[in-house]
Structures are given as C-alpha cells and as structure tokens.
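Biologist: Could you walk me through reading side-chain contacts and cross-links in a model? I would like the general idea, then the case at hand.

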Amino acid sequence: MNKFLIAVFASIFLFGSSASMASGNLESSLPFMAAQDILNKMGCEGKKAGDQIKDRTDGEKVTCPAKLKHPKSIAAAK
C-alpha cells in the first residue's frame, strides 16, 4: 500500500510539473516561442549583426539577429 501511495504522489508531481513547464501557460514564466524561432535564435548566437544563416526548417536565408517568424503565436499566448 505504501508503494502504491508513493507511486501516485510521484506521478502527480511529475506529470503536473512537466505539463505546466512545457505548455508555457500562466504557471510558467517562459514566453511561448515557435520551434523555428528558437532554432534561428540559436543559429545566430556568436554571429555578428548582418550575418546570414540558413533557416533549419524551411531553408530560407535569415539575417542575424533573427526576427520572429511567428509573432501571432506569442500574442495568442498572452
């Protein structure tokens, strides 16, 4: 019985905390960003302003600093 209770409390903690962190909802302090924007931002790290990188998602050229391609998704999350 004790093992069962421990398993229940552990699963509630794990599923509850991971879902709130990943969703970017009001409980999370991280703003929502599209995966494409995150990849472009990571690709521009260490580059000078004006350098170009290849977008990893659709292959277009992106000029650093990378601008958000999905600004509506950020506004919808607020």
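Modeller: Happily! A polar contact is a pair of N or O atoms within 3.5 Å; within protein, one must be able to donate a hydrogen and the other to accept it, and residues adjacent in sequence count only if both atoms are side-chain atoms. Here the side chains of Asp55 and Gln36 form such a contact at 2.9 Å, and Asp55 also reaches the side chain of Asn40 at 3.1 Å.

This is a predicted model, where local features need pLDDT of at least 70, side-chain atom pairs count only at pLDDT 80 or more, and totals for chains, interfaces and linings use all residues. Residues are numbered from 1 along each chain as its sequence is written, and side-chain values use heavy atoms, with hydrogens and water left out.

Biologist: Is Asp55 buried or exposed?

Modeller: Buried means under 20% relative accessible area, exposed over 50%, partly exposed in between (1.4 Å probe, protein chains only). Asp55 counts as buried because its relative accessibility is 2%.

Biologist: Which residues is Asp55 in contact with, leaving aside its neighbours within four places in sequence?

Modeller: Taking contact as heavy atoms within 4.5 Å, the list is Gln36, Asn40, Glu60, Val62 and Lys69.

Biologist: How many disulfides does a search of the whole structure find?

Modeller: A disulfide is a pair of cysteine sulfur atoms within 2.5 Å. The search finds one, joining Cys44 to Cys64 with an S to S distance of 2.1 Å. The link is left-handed, with -85° about the S-S bond. Both Cys44 and Cys64 are buried.
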